[in-house]
Amino acid sequence: MRLMSLLAWVASALLLIPSTGYHLFNGIPLGRPAELGLLLLLLPFLVSGHLRRLWARVLRRARPSAPAVLMASGLCAVALKCLLFTFGGYSGFPACYHALDQRPVTGSCEKAYANPWHRFSVTRIDRTIDFAAWWDQVQPPTTANWNLSFLNSIRFNYYANGSIPRTRVPFGAMWSGALDTPEPQTLRITYAGEGSLQIGDRSIPLPPHYGSLDTVAVPLSAGRHQMFLAYRFDDGSRIGDGVQHGPYATLRVRTGPRGDPLTSSQPVAAVNPPVAWRIVGRVVDLIAIGFALSLASVYLTLLGKLSLIGLAGCFLAPIAAQQLPVPAFFVRGLSVYLIIAVVALVGTIVFPRRHRRRMLLLAWCGAVLLVASDTLREWPSLDTVYLRDGGGDWLMYQSLARSVLDTWSLQGGRDVFYFQPMFRYIVFAEHMLLGDGDAGIVILARSGVNIAILWMCWLFTPRGLPRTWRGAVAAATAVLLMLFVNFYSVVRFFHAGASEYPTWIIFPVALSMLFAAPLNRWRIVGCALLGLAFTIRANQAPALLCLLGAYLLWARRRGPSHLIWSISAVLAVASLPMIHNFYYGGELVLTTTSATIPQNLIVSPAQVIAAASDADSRAVIRRQLDGVLQIGAARAQRMVQGADMLPAVRALQALWLLAIATTFTAGKRAGGIPRIVSLVPGLFLGVHLFYQVWVYYPRHIVIGYLAMGAVTFVAMCGRRLGGVTDVIARVAVTRPGCIVEGNGGVDETRTRDLLRDRQAF
């Protein structure tokens, strides 16, 4: 078992360690579909000992020495990647990008996540110089395939009339490289902009040309030529100028035999590195493919033909929603195909009573395929950079993350935090892992939310849902919850990069770690996650404190040592922003300095007191209440953001009230969680009776309704704390040695023998 754990970590190192760009699995950043696919294949093996044991059996069935051979090959590949990174050079054209109206933060070239180590003192290595024409009115806004991630910086915060459009920021670039032409050819440069080309001792100007595309042909003799190309784009466009401008920056350098038309030419390629290094890269790729095949064989062993058909359906559902006629029955914002896929995913989790680990793996694969297909039908490729609008939070978050890349300092752009503290580091880590593009980040984030909900449902239904009305309500809640997080009004916040989405993942995971019986060893981690959620969104503090307090009361019989460790875990993580503020700014500020500014604190305590006699105060409070509960204006105005999820919101509200009534009117041991936990969604939402709710609506209330669904599902499962306490309580009647604690907790040491043979865990 230890060998397989080490093998999983060797596979992770093989995938992540950076290398050169001229082979497939070249490490961080994982900007290629094959790399992202291997990452998604590998993740379940890093957390599941059962999967690693099955992996070992599959390998030994092929050959007894297969695990050892795979381990040796992986270690060899890791060493080869280190050699490639150090001595392997590059393949392509070193490119230096820079804005024309702003200087780079450091050096003469802007930095990019595609080359985070700033190797060769350039922005990145471009395999070809082939950037096609692009026009305005493209959603989401991008800069064609230039992928200029440095524009997502507060230095380019343009949005007012008369300023530069963010999609047409003036910039320049320079490339150098060697061309090898075995026979005479013609170099054709198609461009919109201006620049100059240096081939050997010849200098060819590229005169300014912005209204349309122009082409310059340069004859090349056989042999090797050193090339230097400088380019700039500045068409003088301004917001609100009313001028119809030509194509966006275009530069296509292609080569072909003399006399052939432009359409038959190919993008120019630089001289390749020595063949020995290319062979080393191919060896690394073959070993990585071997790991991928061994992992895929485990999936094929577990998932039968029917499961594979279901996974194909999950992948095709978003495509069907776009290509096929939508039936008359639909829920706002979701096609019937997506609804069927979501219902199937929930069904694989909450209904089966056998092979439950297999069902969880099936749900993981289905959720990933569903999200990936839904995301990639809107994004051209994984490396496409989404340009955030000027004057918005999304641009600020990206800019603060870039400050870490530009300076390699944890200062994060602020001596004392003003915006949400931890999210900038999460964004930085996401881009370091997946590169400049945003599609891969969206896939991982949305998959995280979906699988967190499914995992929670799996943990709290170890023998399937009970065949009672409570079980039916729980199943309906799980389906509603999955639909809710896949509405466009919620999905668009993943696209934009809202700071809330990590807390949407954390809440169901922390709830499971704190109260699901099988996760006894993860209680401290669950407490630490509550502290992490606080550092990401400090406005969620009341609800997080309530959840923590409920856990500490429930777990008090585990002894003072456990309580001390739990509280210490929360404080250690939650105090990180304060440590930063004191270290860099010399101020003991707990989180941020923006908590009480008028733009955030809409309703003050004084206004609440004055509401009885002041009509204006009542109007402000009512407007906040409309936003929190989606009533009034939110219901009347169908065009307001969040209107598409109104049916799900109404259903979640009704089911939550039913869960509260059931929990508080039942006996002490009836229900699935401590009673106070059922009030947590009200605290998530109640904060926004006072704090801003209408900016980027409904971003602030999503966590409240997600929590409604989560606590309702757990409360209505009909089982106590992970689905095992009701079984133990029945056994305790005839077996006095099994002790059930008075506060609803379980003496898990005394009852471990009762749970040993359960197939669910």
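Start by selecting R446: at 3% relative accessibility, this arginine counts as buried, because the cut-off for that label is under 20%. Keep in mind as you go that the model on your screen is predicted.

**Around R446**

Now add D374 to the selection. The side chains of D374 and R446 meet in a salt bridge, with 2.9 Å from N to O. This pair ties together distant parts of the chain, since D374 sits in helix α8 and R446 in helix α11, 72 residues apart. D374 has a second partner to show you: R377, with which it forms another salt bridge whose closest N and O atoms are 2.8 Å apart. Check the surroundings of each partner: D374 counts as buried at 9% relative accessibility, whereas R377 is partly exposed, with a relative accessible area of 30%.

Next, pick T375, which belongs to helix α8, residues 356-376. T375 has 0% relative accessibility and so counts as buried. What does T375 touch, leaving aside residues up to four places away in sequence? Show A439, V442, I443 and R446, and you have its contacts. That brings you back to the arginine where the tour began.

**More charged pairs**

A search of the whole structure finds 13 salt bridges. For another one, select R168 and D235, whose closest N and O atoms lie 2.8 Å apart. Here too the pair links distant parts of the chain: R168 is in the loop between β3 (130-131) and β4 (171-181), while D235 is in the loop between β7 (223-233) and β8 (250-257), 67 residues away. Both R168 and D235 are buried.

**Into the nonpolar core**

Which residues touch the most other members of the largest nonpolar core? Select W55, W504, F507 and F713; they are the ones, in a core of 179 residues. Color helix α11 (residues 439-460) as well, as this helix gives the most to the core, with 15 residues.

Then center on W504. Not counting residues up to four places away in sequence, W504 touches V449, V490, F493, F494, R699, V702, I703 and L706. Apart from this core lies another, of 40 residues, and you can find it by selecting some of its members, including A95, L148, I199 and Y231.

**Along helix α17**

Move on to residues 560-574, which form helix α17. Its 15 residues reach 21 Å from first C-alpha to last, close to the 21 Å expected at 1.5 Å a residue. Show the buried residues of α17 as sticks: H562, L563, S566, A569, V570, V573 and A574. Why do they lie on the same side of the helix? They cover an arc of only 125° around the axis, which puts them on the same side of α17.

Rotate to the face turned away from that buried side, and you meet the exposed residues P560, I564, W565 and L571. To see what covers the buried residues, display helices including α15 (523-536), α16 (541-554) and α18 (576-585).

**Zooming out**

Finally, show the whole protein, with its 26 helices and nine strands. Of its 761 residues, 56% count as buried. Among contacts with a separation of 6 or more, 75% come from residues 24 or more positions apart. Turn on the surface last: the accessible area comes to about 31,700 Å², and 63% of it belongs to carbon and sulfur atoms.

Notes:
Residues numbered from 1 in each chain as written. Predicted model: local features only at pLDDT ≥ 70, side-chain atom pairs only at ≥ 80, totals over all residues. Heavy atoms only, no water. Helix = DSSP H or I, 4+ residues; strand = E, 2+ residues; numbered from the N terminus. Expected span 1.5 Å × (residues − 1). Buried < 20%, exposed > 50% of the residue type's maximum accessible area, 1.4 Å probe, protein only. Arc of directions from axis to C-beta. Contact = heavy atoms within 4.5 Å. Core = buried A, V, L, I, M, F, W, Y, C linked by side-chain atoms within 4.5 Å. Areas by Shrake-Rupley, 256 points an atom, 1.4 Å probe, with all protein chains shown as cover. Salt bridge = Lys/Arg side-chain N within 4 Å of Asp/Glu carboxyl O.
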